[in-house]
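Trainee: I should like to take a close look at the paired strands of this protein. Could you please guide me through that part and through what is attached to it?

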Amino acid sequence: MNHSQSFTQRIALGSMVGLAALLSAQAVEAQPRWGRPNPPRFGACFYRDPGFSGDFFCANAGQSLGRLARGMSDQI
């Protein structure tokens, strides 16, 4: 393998690692988090405490929440 091939392989590997990091960051960002966001105009909010109180997270109408953070579903 010559220097040019090695350099090209390192660039390709670096690009793949960067893309994987970007996609995993977007996946984490897409997961709901407890807090007090502005409720969407159309959608639903899920509260941590009874009586629609405490922290909550919301989903916009038509938004799919494929996964909740560990233990989150037991707290709704």
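Mentor: Let us begin at one end of the pairing, where Gly43 stands opposite Asn60 in β2. Please keep in mind that the model is a predicted one. Strand β1 covers residues 43-49 and strand β2 covers residues 53-60. The two strands pair in the antiparallel sense, and six bridges hold the pairing.

To place this part in the whole, consider the order of the elements. The protein has one helix and two strands, and from the N terminus on they run α-β-β. The helix, α1, spans residues 3-30, and a loop lies between α1 and β1. That loop will return below, since several of its residues meet strand β2.

Next, consider the turn of the hairpin. Three residues lie between the strands, and Gly51 takes a positive phi near 75°. Phe52, found in the loop between β1 and β2, also has a positive phi, near 55°, although Phe52 is not a glycine. This deserves attention because most residues other than glycine have a negative phi. With a relative accessibility of 69%, Phe52 counts as exposed, since the limit for that word is over 50%.

From the turn we may pass to the covalent link between the strands. The count of disulfides comes to one. This disulfide joins Cys45 to Cys58, with 2.1 Å from S to S. Cys45 lies in strand β1 and Cys58 in strand β2, and the two cysteines are 13 residues apart. The torsion about the S-S bond of Cys45 and Cys58 is about 95°, and therefore the disulfide is right-handed. The two partners fall into separate classes of accessibility: Cys45 is partly exposed at 24%, whereas Cys58 is buried at 18%. The word buried applies under 20% relative accessible area.

Cys58 merits a further look. Setting aside neighbours within four places in sequence, Cys58 is in contact with Pro37, Pro39, Pro40, Ala44, Cys45 and Gln63. The C-alpha atom of Cys58 is separated by 9.1 Å from that of Arg36, a residue 22 positions away along the chain.

Arg36 brings us to the charged side chains. There are two salt bridges by the count. In one of them, the side chains of Asp55 and Arg36 meet at 3.5 Å, N to O. This pair links distant parts of the chain, for Asp55 is in strand β2 and Arg36 is in the loop between α1 and β1, 19 residues apart. In another, the side chains of Asp55 and Arg48 meet at 3.9 Å, N to O. Asp55 is a partner in both, and the salt bridges join Arg36, Arg48 and Asp55 into one network. As to accessibility, Arg36 is exposed at 61%, while Asp55 is partly exposed at 27% and Arg48 is partly exposed at 33%.

The aromatic residues complete the picture. Four aromatic pairs occur in the structure. Among them is the pair of Trp34 and Phe57, which is edge-to-face, with 5.3 Å from centre to centre and 70° between the planes. Trp34 lies in the loop between α1 and β1 and Phe57 in strand β2, so this pair ties together parts that are 23 residues apart in sequence. Phe57 counts as buried, at 3% relative accessibility. Another pair is that of Tyr47 and Phe56: their ring centres are 4.9 Å apart and their planes stand at 35°, so the pair is tilted. Phe56 is buried at 8%, whereas Tyr47 counts as partly exposed at 22%. Ring pairs also link Trp34, Phe46 and Phe57 into a cluster.

Finally, some values for the whole protein give these details a setting. Buried residues make up 11% of the 76 residues, and Cys58, Phe56 and Phe57 are among those that count as buried. The protein exposes about 6,100 Å², of which carbon and sulfur atoms supply 56%. Of the contacts with a separation of 6 or more, 25% are between residues 24 or more positions apart.

In review, strands β1 and β2 are paired in the antiparallel sense, and a disulfide joins Cys45 to Cys58 across them. The loop between α1 and β1 meets strand β2 through the salt bridge of Arg36 and Asp55 and through the aromatic pair of Trp34 and Phe57.

Conventions:
Residues are numbered from 1 along each chain as its sequence is written. This is a predicted model: local features need pLDDT of at least 70, side-chain atom pairs count only at pLDDT 80 or more; totals for chains, interfaces and linings use all residues. Side-chain values use heavy atoms; hydrogens and water are left out. Helices (H or I, at least four residues) and strands (E, at least two) are DSSP runs, numbered from the N terminus. Buried means under 20% relative accessible area, exposed over 50%, partly exposed in between (1.4 Å probe, protein chains only). Contact means heavy atoms within 4.5 Å. Accessible areas come from the Shrake-Rupley method with a 1.4 Å probe; for residues, only the protein chains shown count as cover. A disulfide is a pair of cysteine sulfur atoms within 2.5 Å. Two strands pair if DSSP finds at least two bridges between them. A salt bridge is a side-chain nitrogen of Lys or Arg within 4 Å of a carboxyl oxygen of Asp or Glu. Rings of Phe, Tyr and Trp (its six-membered ring) pair if their centres lie within 6.5 Å; planes under 30 degrees apart count as stacked, over 60 as edge-to-face and the rest as tilted.
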